[in-house]
Amino acid sequence: MLPQPSTAYLDAMREGIERRARAAKAARAAARKAKATALEEAESYPGQRSAWKRIATVGESLRADLRELAFDLHDHPEEAFEEHHAAATIAALLRAHGHRVEVGVGGLATALRAECASPNFDPQYDPTVAILAEYDALPGIGHGCGHNIIAAAGVGAFLAASKSIKNMDAVRGRIILLGTPAEEGHTGKEYLIRGGAFAGVDAAMMVHPFSFDLAEHAWVGRRTLTATFHGVAAHASSEPFMGRNALDAATLAYQGFGLLRQQMPPSDRLHAIIIEGGQRPSVIPDTATMTIYVRSLMAQTLSDLSERIDAVLDGAALMAGVEVSKEWDEHPASLPVRNNHALSARWAATQEERGRRALPGGVVPDTLAASTDFGNVSHLVPGIHPMVKIAPQGVALHTRAFAEYARSEAAVDTAVDSAIGLGQVALDTLGDAPLLAAAREEFKAAGGVLRVE
């Protein structure tokens with residue numbers, strides 16, 4: 001029997017999460033008691049409380065539609081850029097509720113767009129909020145990341161908010177639903193950015209299923225690299241001295257990455273595999289190829305680590321006497337997520353009303369992080385990417401177990417709560433001028449617009 005990895009680190013991490021969660025709960029209780037939140041003291045803009053109630057009522061009325069959508073997408077998983085069934089299904093639901101839908105926007109055949117604006121909307125002066133919906137699946141395990149729930153929540157939020165914005169004089173603005181394909185292993189949102197799909201957008205928001213409810217969480221940026229070493233083939237027995245071994249260079253690089261990890265920041269991640277290293281042992285291979293993922297918590301450290309990777313590959317080639325060619329980012333890189341605290345705080349308030357407690361950033365360690373192309377959007381406009389609980393603690397993303405929870409009644413409950421919350425935050429972003437001003441100021445102070453290229 002194979003020895004199993006020790007769970008000591010995970011056990012300690014879970015204990016720490018529970019301890020910090022209890023502290024966050026106590027702090028939130030004290031805040032409620034003191035009536036410190038804007039929502040408890042007064043409405044942020046005229047009619048906010050009634051608008052929130054209207055969105056909640058509409059969101060609940062959509063439960064059957066959202067359940068059917070989430071389960072249908074789960075039953076028909078489609079990988080990146082192939083989400084034709086998902087796009088058509090979502091478009092049909094939106095049209096059934098009276099909305100015009102454009103499929104094939106931003107240069108992507110499976111991206112979609114719908115919009116709704118206040119009667120007095122002026123695109124030159126009034127803000128626009130984008131609600132995002134993902135719906136691609138993973139190879140082999142389907143919706144092991146729960147994108148079917150993301151889609152249901154985003155569609156539900158758009159439908160609920162659109163019914164309110166039409167009847168509120170206090171809200172001037174526009175809400176867009178963007179269906180964003182190809183997040184898994186790709187950067188569909190970056191293609192949409194370059195295709196102009198986010199032109200005129202002032203803020204963007206979406207949710208992501210998880211095993212915790214989190215108002216904010218760390219997401220690391222990611223770059224991909226294919227490195228190919230080019231050497232000289234020779235007979236491995238009779239004339240090995242006439243060869244230049246490309247596989248030697250690949251193995252040297254692999255070992256170099258392992259040594260580099262000691263000097264990497266704790267939040268950095270580096271994964272590499274050798275996908276080609278020769279055809280038979282009797283021939284010194286003249287070609288060896290590696291696939292490498294580089295991840296980091298900040299854009300600058302992602303750039304720094306990329307430079308170190310280049311140096312390791314060059315050094316390995318020099319030692320083996322071969323050449324190396326490097327192809328960075330076949331698909332555009334994804335940036336770390338820049339969480340907007342002003343909007344995240346409003347999200348947490350919406351979930352309080354739904355009986356959910358969205359934990360603040362820092363409760364779950366930053367090391368428990370993956371990558372998402374929403375990071376690119378969050379460096380273009382203020383954005384939020386809260387995590388919503390559909391599975392028990394300990395059930396990891398990208399597993400068959402998580403895929404099972406993504407087709408459960410608990411996941412439908414989460415989709416409805418998320419739809420209501422996103423709809424409320426979207427409407428507040430348009431109607432609460434101080435909220436949008438705070439989000440913009442925070443975004444500017446964090447560095448403003450940063451484009452991945």
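Modeller: Quick ground rule: Ala, Val, Leu, Ile, Met, Phe, Trp, Tyr, Cys and Pro count as nonpolar, Asp, Glu, Lys and Arg as charged, and the others, Gly among them, as polar. This is a predicted model, where local features need pLDDT of at least 70, side-chain atom pairs need 80 or more, and totals for chains, interfaces and linings use all residues. Residues are numbered from 1 along each chain as its sequence is written, and side-chain values use heavy atoms, without hydrogens and water.

Colleague: How many cavities of 30 Å³ or more are there in the whole structure?

Modeller: The search finds 1 (on a 1 Å grid over protein atoms alone, points where a 1.4 Å probe fits but cannot get out).

Colleague: What volume does the largest cavity have?

Modeller: About 40 Å³ (the space filled by probe spheres set on the points, joined across faces, edges and corners).

Colleague: Which residues line the largest cavity?

Modeller: Glu 190, Ile 193, Asn 376, Leu 380, Leu 450, Arg 451, Val 452 and Glu 453 (lining means an atom within 4 Å of a point). That lining has 4 nonpolar, 1 polar and 3 charged residues.

Colleague: Switching to pockets. What is the volume of the largest pocket?

Modeller: About 700 Å³ (a pocket is an open set with protein on both sides within 12 Å along at least five of seven lines).

Colleague: Which residues are closest to its centre?

Modeller: Ala 369, Ala 370, Ala 396, Leu 397 and His 398, out of 36 that line the largest pocket.

Colleague: And what is the class split of that pocket's lining?

Modeller: The largest pocket's lining has 16 nonpolar, 13 polar and 7 charged residues.
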